[in-house]
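Me: I would be grateful for a close look at one helix in this protein and at the contacts that surround it. Please give a connected account, and set the helix in the context of the whole chain.

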Amino acid sequence: MLKAKLKAKLAHGLLLAGLLLTSAPAIAGAPIVAAASDLQFALTEAAERFQQQTGHTLRLNFGSSGNFRRQIAQGAPFELYLSADERYVQALFNEGHTKDEGVIYAIGRLAWLQRAGRDDLPNEDAPLSAVQEALENHAIGTTERIALANPEHAPYGVAAQQALEHAGLWEHTEPLRILGENVSQAAQFALSDDARGGLVAYSLALAPALGERSEYVLIPESWHSPLRQRMVLTNQAGEVASDFYQWLQQEEGQAVLRRYGFSAE
């Protein structure tokens with residue numbers, strides 16, 4: 001029941017984020033952008049700035065990079081694809097679905113996220129100590145969930161699994177794990193009442209909408225494979241999508257991404 005409520009709440013939030021950038025008359029002709037959910041707040045701000053400067057609207061769809069990769073291969077009408085894992089972009093290029101190999105737009109970071117006010121945030125030297133504590137509590141009958149994105153199709157889920165494996169905790173956490181369809185949903189799960197916390201995108205931890213009710217600690221980059229995030233224009237891309245693609249590579253676009261914790265390569 002809790003998971004169903006959280007899914008409904010998040011779906012509503014993502015729908016609003018996508019519609020914020022479009023007025024009713026403009027929706028039909030606006031290019032559709034498929035973006036990894038760690039970009040939910042950063043890309044919304046970037047697209048709003050782009051609209052203010054150019055007058056062009058965009059339709060933003062946020063979700064897991066793996067699901068978007070499959071949908072684009074099946075002909076979904078996305079004009080621009082921003083993936084949290086560059087391998088999905090490279091696969092689409094190899095299959096002939098994109099204009100070129102695209103470009104790296106950011107390097108992502110993983111963070112441990114938990115509800116604010118708990119007074120037990122792990123420190124940088126042991127960022128997953130909360131997971132160990134959750135395991136100890138489970139052994140005596142108290143279950144606190146550990147949230148992460150589904151590693152089967154979400155790059156941040158893969159990174160979370162790798163970080164837990166690095167700490168020797170992956171197998172032991174199986175009864176505690178709750179999987180989000182994407183990393184944005186995992187962040188919502190991490191802040192739920194029955195969760196100890198979760199492993200999510202640093203960019204979400206920095207977003208004001210979550211930052212007001214959460215706290216975080218960064219996971220060392222060496223604990224997981226680099227989150228090299230690549231974007232590309234699909235074969236369906238028109239002029240507006242192409243302009244936004246270029247805008248994101250320029251200083252103003254990159255500055256927005258940096259504010260949400262995305263570093264340049």
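Reply:

**Helix H6 and its surroundings**

Directly after H6, Gly141 adopts a positive phi of about 105°. The model is a predicted one, and the account below works outward from this helix.

H6 comprises residues 129-139. Its buried residues are Ala130, Val131, Ala134 and Leu135. Viewed down the axis of H6, these buried residues fall within an arc of 145°, so they line one face of the helix. That set of residues packs against four elements: strand E5 (110-115), strand E6 (145-149), helix H7 (155-166) and E8.

Glu133 also belongs to H6, and this residue is partly exposed, with a relative accessible area of 33%. Its side chain takes part in a salt bridge with Arg196, in which the closest N and O atoms are 3.3 Å apart. The pair links distant parts of the chain, since Arg196 lies in strand E8 (residues 195-201) and the two residues are 63 positions apart. Arg196 has a relative accessibility of 1% and therefore counts as buried, the cut-off for that class being under 20%. The salt bridge thus joins a buried arginine to a partly exposed glutamate. E8 is also among the elements against which the buried residues of H6 pack.

The bridge between Glu133 and Arg196 belongs to a wider arrangement: salt bridges with shared partners join Arg118, Asp120, Glu133, Glu144 and Arg196 into one network. Within that group, Asp120 and Arg118 form a salt bridge with their closest N and O atoms 3.2 Å apart. Both residues are partly exposed, Asp120 at 27% relative accessibility and Arg118 at 23%.

Asp119 is found in the loop between E5 and H6. Its backbone has a positive phi of about 65°, although the residue is not a glycine. Most residues other than glycine have a negative phi. Asp119 has a relative accessible area of 76% and is therefore exposed, as the class begins at values over 50%.

**Other helix packing in the chain**

Two further helix pairs can be described in similar terms. Helix H4 (residues 65-73) and helix H5 (residues 86-94) pack at an angle of about 10°, and their axes are 9 Å apart. H4 and H5 are therefore roughly parallel to each other. On the H4 side, the contact is made by Ser65, Gly66, Arg69, Ile72 and Ala73, while H5 contributes Tyr88, Ala91 and Leu92.

Arg87 forms a salt bridge with Asp85 at an N to O distance of 2.7 Å. The two partners fall into separate accessibility classes: Asp85 counts as buried at 11%, whereas Arg87 is exposed at 54%.

The second pair is H11 and H12, which pack at an angle of about 65° with their axes 4 Å apart. This angle makes H11 roughly perpendicular to H12. Trp247, Leu248 and Gln249 of H11 meet Glu251, Glu252, Gly253 and Gln254 of H12.

Helix H12 (residues 251-259) has Gly253, Gln254, Ala255, Val256 and Leu257 as its buried residues. These pack against helix H3 (40-54), strand E4 (103-108) and helix H11 (239-249). Gly253 and Gln254 thus appear both among the buried residues of H12 and in its contact with H11. Just after H12, Gly261 takes a positive phi of about 85°; a glycine with positive phi likewise comes just after H6, namely Gly141.

**The chain as a whole**

The protein chain contains 12 helices and 10 strands. Of its 265 residues, 54% are buried. Among contacts between residues at least 6 apart in sequence, 77% join residues at least 24 apart; the link between Glu133 and Arg196, at 63 residues, is one example of a pairing between distant parts of the chain. The structure holds 13 salt bridges, including that between Arg196 and Glu133. The accessible surface of the chain comes to about 11,600 Å², and carbon and sulfur atoms account for 48% of that area.

To return to H6, its buried residues line one face of the helix and pack against E5, E6, H7 and E8, while its partly exposed Glu133 forms a salt bridge with Arg196.

Technical notes. Residues are numbered from 1 along each chain as its sequence is written. This is a predicted model: local features need pLDDT of at least 70, side-chain atom pairs count only at pLDDT 80 or more; totals for chains, interfaces and linings use all residues. Side-chain values use heavy atoms; hydrogens and water are left out. Buried means under 20% relative accessible area, exposed over 50%, partly exposed in between (1.4 Å probe, protein chains only). Contact means heavy atoms within 4.5 Å. Accessible areas come from the Shrake-Rupley method with a 1.4 Å probe; for residues, only the protein chains shown count as cover. A salt bridge is a side-chain nitrogen of Lys or Arg within 4 Å of a carboxyl oxygen of Asp or Glu. The arc is that of the directions from the helix axis to the C-beta atoms. Axes are lines fitted to C-alpha atoms, for helices over the stretch in contact, and angles run from 0 to 180 degrees between N-to-C directions. Angles under 35 degrees count as roughly parallel, over 145 as roughly antiparallel, 65 to 115 as roughly perpendicular and the rest as oblique.
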